[in-house]
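User: I have a chain open on my screen and would like to go through it step by step. Could we begin with its overall organisation?

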Amino acid sequence: MHNPENERIKRAYFIYLKEARRLGEHSIDCAAAALAKFEDYTKYRDFKRFHIQQAIGFKHKLTEEVSPRTGERLSRGTVFSVLNALRGFFQWLSTQPGYRSQLSSADAEYFSLSEREARIAKAIAERPVPTIDQIRHVLQTMTTITDIQLRNRAVVAFTLLTGARDGAVASLKCKHVDVVEGKVVQDAREVRTKFSKTFTTWFFPVGEDVRRIVVDWVEYLTTEKLFGPVDPLFPATEIVQDQYHLFQTGGLSRAHWSNATPIRGIFKEAFTSAGLAYANPHSLRKTLAQLGERLCRTPEEFKAWSQNLGHEQVLTTFSSYGQVGADRQAELIRHLAQRRVAGAPKAEMIDRMVQALLEGKHILE
């Protein structure tokens, strides 16, 4: 069931999100899901007949809705995301021909949560970040008998070595990695990078054993499997039919993964098999950010570390990836109470960073 007029204007909105707002497929899919949920509530009533009571009623219904996956009420974060997507759509809709006389931008504000609820929804819950030792333990426990198993271990090692996002890892070609120079060129023309940004990442100093896994994998692809420069760095699993015409895995193909879902599956199985809580691929970027906070001694060093993660601004690394865990926070506070003069240089460096950020300056001037 659908409304033809609604479908046409939604299609125009999705083009706006992609081409004008430059949002990725995931963000557009979330907006589409929010609109579908709202249309289901209004029985696909034409958007031109929108009334604020629809927004109010939908908001109340959403806060009472139960997730089919967890069996519990939707989280405040989920409710906030859905309502925020709808608010953005109706704000845009109020500017479109044929809708301007029916809607106002103020109507969209009825999709807002209260300030208190919004603060709760946007609160950042502390999530466990795997340590270097834990990830190394995972790598050591992974089986490496088949091609598939070798690839899976290399995926985890590569993610730690480079901090690359899973979407980029899934789309990299062999030519993008230079194991001699120790770098990865994330070329947005061929690699699915965030905001379609091209940048070079140099291998992070996370241990020779981790680096060796990646180097050996690249050598295995080029010498044993005879992969060329344009072949995928991490090829998808080949699916074949057996004698009974049943599908089964048949080794490595020469095709890229279509998305990053298989990579998340690899991480989940690897961490679970190692007896550890599941850590998704993105969490390793936080591991690297925290490692950088401990290793870097000057603003220039941390700026280089931040750029290696693909961040244009150091503040992004600090605010989005550099959260200090509760245990580490307690350790640092206790240490600061006993700090001696020997620790002053690093403290001065941090003071300079903070002062520069507060003044709105770049970290390097």
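Analyst: Certainly. Please keep in mind that this is a predicted model. Among contacts in the chain between residues at least 6 apart in sequence, 60% join residues at least 24 apart.

User: How many helices and strands are there in the chain?
Analyst: The chain contains 16 helices and five strands.

User: And what share of the residues is buried?
Analyst: Of the 365 residues in the chain, 39% are buried. The area that the chain exposes is about 21300 Å², and carbon and sulfur atoms supply 52% of that area.

User: Let us turn to the strands. What is the order of the strands in the open sheet?
Analyst: The open sheet has three strands in the order β1-β2-β3, and their pairing is antiparallel. Its edge strands are β1, residues 177-178, and β3, residues 199-202, each of which pairs on one side only.

User: How many bridges join β1 to β2?
Analyst: Two bridges join β1 to β2, which covers residues 183-186, and these strands run antiparallel. Within this part of the sheet, Asp178 stands opposite Lys183 of β2.

User: Which residues near the end of the sheet's last range does Asn308 touch? Let me put that more simply: which residues is Asn308 in contact with?
Analyst: Setting aside neighbours within four places in sequence, Asn308 is in contact with Thr162, Phe199, Thr200, Thr201, Trp202 and Phe204. Asn308 itself belongs to helix α13, which spans residues 299-308. A polar atom of the Asn308 side chain lies 2.6 Å from the backbone oxygen of Trp202.

User: Is Asn308 buried or exposed?
Analyst: Asn308 is buried, because its relative accessible area is 9%, under the 20% cut-off.

User: New topic: salt bridges. How many does the count come to?
Analyst: The count comes to 15 salt bridges. As general background, side chains of opposite charge can pair when their charged atoms come close.

User: Which residue does Glu7 form a salt bridge with, for example?
Analyst: Glu7 forms a salt bridge with Lys10, and the closest N and O atoms are 3.0 Å apart. Both residues lie in helix α1, residues 4-20, where they are three residues apart, about one turn of the helix.

User: How accessible are Glu7 and Lys10?
Analyst: Glu7 counts as partly exposed, with a relative accessibility of 26%. Lys10, in contrast, is buried, with a relative accessible area of 9%.

User: What about Glu65 and Lys37: how far apart are the N and O atoms in their salt bridge?
Analyst: The side chains of Glu65 and Lys37 meet in a salt bridge at 3.1 Å, N to O. Glu65 sits in the loop between α3 (52-64) and α4 (76-93), and Lys37 is in helix α2 (residues 25-42), so the pair ties together parts that are 28 residues apart in sequence. Glu65 counts as buried at 18% relative accessibility, while Lys37 counts as partly exposed at 29%.

User: Which other residue forms a salt bridge with Glu65?
Analyst: Lys61 forms a salt bridge with Glu65, with the closest N and O atoms 3.6 Å apart. Lys61 counts as partly exposed, at 39% relative accessibility. Elsewhere, salt bridges that share partners join Glu7, Lys10 and Glu39 into one network.

User: I also noticed some cysteines. How many disulfides does the structure hold?
Analyst: The structure holds zero disulfides. For reference, a disulfide is a covalent bond between the sulfur atoms of two cysteines. Cys30 is partly exposed, with a relative accessible area of 40%, whereas Cys174 counts as buried at 11%.

User: One last residue: where is Phe111 found?
Analyst: Phe111 is found in the loop between α5 (105-108) and α6 (115-122). Phe111 is buried, with a relative accessible area of 0%.

User: And what does Phe111 touch?
Analyst: Not counting residues up to four places away in sequence, Phe111 touches Phe38, Phe50, Ala55, Phe58, Lys59, Leu83, Leu86, Arg87 and Phe90. With Lys59, the C-alpha to C-alpha separation is 6.7 Å in space, although Phe111 and Lys59 are 52 residues apart in sequence.

Note on methods
Residues are numbered from 1 along each chain as its sequence is written. This is a predicted model: local features need pLDDT of at least 70, side-chain atom pairs count only at pLDDT 80 or more; totals for chains, interfaces and linings use all residues. Side-chain values use heavy atoms; hydrogens and water are left out. Two strands pair if DSSP finds at least two bridges between them. Helices (H or I, at least four residues) and strands (E, at least two) are DSSP runs, numbered from the N terminus. A disulfide is a pair of cysteine sulfur atoms within 2.5 Å. Buried means under 20% relative accessible area, exposed over 50%, partly exposed in between (1.4 Å probe, protein chains only). A salt bridge is a side-chain nitrogen of Lys or Arg within 4 Å of a carboxyl oxygen of Asp or Glu. A polar contact is a pair of N or O atoms within 3.5 Å; within protein, one must be able to donate a hydrogen and the other to accept it, and residues adjacent in sequence count only if both atoms are side-chain atoms. Contact means heavy atoms within 4.5 Å. Accessible areas come from the Shrake-Rupley method with a 1.4 Å probe; for residues, only the protein chains shown count as cover.
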